[in-house]
Amino acid sequence: MLNWANRFNISCFLDNNHYNFPLHSQECLLGAGSRYFLGTDNPNRLASLNSFADLHKDWIFGHLSYDLKNEIHGLSGSHSGYIDFPDINFYVPEVVVKLNNSCLEIGSCREDHEAVLNAIMSEEPRMYTEPKIGEIRQRLTEKEYLEVIEAVRGHIIRGDCYELTYCMEFYSEGSVITPLDIFTQLSVVSPNPFSAFYRYNNQYLLCASPERYIRKLGNKIFSQPIKGTISRDSDNKITDQHKKVELYNSVKDRAENVMIVDLVRNDLARICTEGSIKVDELFGIYSFPQVHQMISTISGELQSETTVGDIFNYTFPMGSMTGAPKHRVMELIEKYEKTKRGLFSGAVGYISPERDMDFNVVIRSILYNADSGYLSFPVGSAITYHSDPAREYEECLLKAEAMFKALRVR
């Protein structure tokens with residue numbers, strides 16, 4: 001499916017990697033080619049998305065970049081970006097392919113379903129091409145990172161905010177990679193339930209995300225923020241189990257998590273009926289290849305007439321990638337981070353013909369501009385009063401490890 005889809009200038013492949021987590025939707029879902037395309041230069045892009053969704057009662061795939069915050073929250077940004085994904089992109093695909101267990105479903109606007117199947121099944125396996133990776137640099141030195149975290153803690157002590165998700169970037173220039181090869185490597189190293197291979201012309205997202213941003217099912221909406229991380233010990237089951245218990249009992253991680261749970265509850269309250277918002281799971285511990293994570297699930301019943309644009313307008317960017325209170329921390333993020341986040345900490349996903357939807361949080365990802373050869377993989381962690389700057393730095397390195405391995409530079 002991926003080899004075949006890579007011939008299109010726009011395609012989105014979403015892979016659950018056989019995780020049977022709550023609210024599982026699709027195992028593999030692909031939207032290839034673009035029949036209809038939402039323009040990116042409209043002054044009110046979420047209102048334009050509503051019109052687009054009303055016009056096309058079909059599958060819609062696409063993304064929201066973090067910097068859409070400027071339109072939604074009346075903010076601004078001055079940082080440079082090097083990958084060049086637009087702030088928003090949605091499209092109705094030419095072909096939709098769903099794969100669940102042994103069942104393959106193909107939807108095509110041209111009624112050439114059998115031809116699509118034959119093309120997919122006859123696609124030759126790719127030969128791995130060795131990437132040419134330029135020197136990978138950090139946007140911040142360790143010393144600079146530690147100084148920034150202390151400055152953020154100063155804001156917390158003064159009462160400017162309670163929690164701030166601070167990100168730093170690893171990057172290289174002049175790199176030449178075959179994105180599909182690197183995505184395949186990343187999927188081997190770090191298979192995760194919200195993985196995505198997303199191509200927008202010559203910009204690529206190779207995503208191994210463990211986190212769901214938003215899921216709409218009928219009139220119900222769900223969010224599952226991740227806050228709380230601990231490394232795994234895959235060589236020792238007893239020690240690994242102890243680490244899960246340690247994470248569950250961590251005062252710092254619980255504080256991080258519950259702050260974002262409260263923020264999400266507040267966001268959802270603006271689009272949900274009164275009294276319907278529930279915390280379905282608090283401090284759930286879930287295991288992934290490199291780490292254990294603390295995940296909570298919040299749900300609510302949507303008010304009637306709530307649009308797709310309303311959902312994004314009142315919940316984006318997701319609280320797990322900003323902090324609390326959201327508006328103030330986004331101002332501080334702009335002050336202290338060094339590069340434009342772009343699609344990192346944005347969302348990629350789909351809207352179904354029934355107007356259900358599922359979007360991930362773009363983390364644990366490699367972003368690549370094939371025209372310029374710029375390659376980027378930011379990582380971050382949540383800073384609270386109890387944060388130890390050195391340990392936060394170590395957490396960032398831990399989160400970057402899978403990307404280094406996929407690129408085969410460590």
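Which kind of link do the side chains of E395 and K399 meet in? In this predicted model, the side chains of E395 and K399 meet in a salt bridge, with 2.8 Å from N to O. Both residues belong to helix α11, where they stand four residues apart, about one turn of the helix. E395 is buried, and K399 is buried too. Side chains of opposite charge can pair when their charged atoms come close.

Let us follow the charged side chains a little further. The count of salt bridges comes to 23. One of these joins E337 to R341, again with 2.8 Å from N to O. E337 counts as buried, at 4% relative accessibility, and R341 counts as buried as well, at 8%. For another setting, look at R158 and D160, whose salt bridge has its closest N and O atoms 3.8 Å apart. Here R158 is exposed, with a relative accessible area of 56%, while D160 is partly exposed, at 26%. Salt bridges can also link up into a network, as they do for R45, E71 and D87.

Charged groups meet rings too. The charged end of R254 sits over the ring of Y248, 4.3 Å from the ring's centre. In a similar way, the charged end of R408 sits over the ring of Y128, and here the distance to the centre is 4.6 Å.

That brings us to the rings themselves. How many aromatic pairs does a search of the whole structure find? The search finds 26 of them. A good one to visit is the pair of Y145 and Y393: the ring centres are 5.4 Å apart and the planes meet at 55°, so the pair is tilted. Y145 lies in helix α5, which covers residues 142-158, and Y393 lies in helix α11, which covers residues 389-407, so this pair ties together parts that are 248 residues apart in sequence. Helix α11 is also where we met E395 and K399. Are these two tyrosines buried or exposed? Y145 is buried, with a relative accessible area of 0%, and Y393 is buried with 8%.

A second pair, F170 with F377, is stacked, with 5.4 Å from centre to centre and 10° between the planes. This time the partners come from strands: F170 lies in strand β9 (residues 163-172) and F377 in strand β21 (residues 374-383), so the pair ties together parts that are 207 residues apart in sequence. F170 counts as buried at 1% relative accessibility, and F377 does so at 0%.

Rings can also gather in groups. Ring pairs link F90, Y213, F312, F316 and F359 into a cluster. Several of these names return when we turn to the nonpolar interior. The largest nonpolar core has 59 residues, and those with the most contacts inside it are F61, L64, F90, L205, Y213, F312 and F359. Take F359 as a guide: leaving out residues up to four places away in sequence, F359 touches G62, F90, R212, Y213, I214, F312, A347, V348, G349, Y350 and I351. Apart from this core lies another, of 54 residues, with I120, C161, F170 and Y368 among them.

Strand β9, the home of F170, also holds C167. This cysteine is buried, with a relative accessible area of 7%. Leaving aside neighbours within four places in sequence, C167 is in contact with M321, E337, R341, F344, V379 and G380. E337 and R341 are the partners of a salt bridge we passed earlier. C167 and T339 are 172 residues apart in sequence, and their C-alpha atoms are 9.4 Å apart in space.

Our last stop stays with the cysteines. How many disulfides does a search of the whole structure find? The search finds zero. A disulfide is a covalent bond between the sulfur atoms of two cysteines. For C207, the closest cysteine sulfur is that of C12, at 9.6 Å, which is too far for a bond; the cut-off for a disulfide is 2.5 Å. C207 counts as buried, at 1% relative accessibility. C272 is another buried cysteine, with a relative accessible area of 3%.

Definitions and conventions:
Residues numbered from 1 in each chain as written. Predicted model: local features only at pLDDT ≥ 70, side-chain atom pairs only at ≥ 80, totals over all residues. Heavy atoms only, no water. Buried < 20%, exposed > 50% of the residue type's maximum accessible area, 1.4 Å probe, protein only. Phe/Tyr/Trp six-rings, centres within 6.5 Å; stacked < 30°, edge-to-face > 60°. Helix = DSSP H or I, 4+ residues; strand = E, 2+ residues; numbered from the N terminus. Lys NZ or Arg CZ within 6 Å of the ring centre and 35° of its normal. Salt bridge = Lys/Arg side-chain N within 4 Å of Asp/Glu carboxyl O. Core = buried A, V, L, I, M, F, W, Y, C linked by side-chain atoms within 4.5 Å. Contact = heavy atoms within 4.5 Å.
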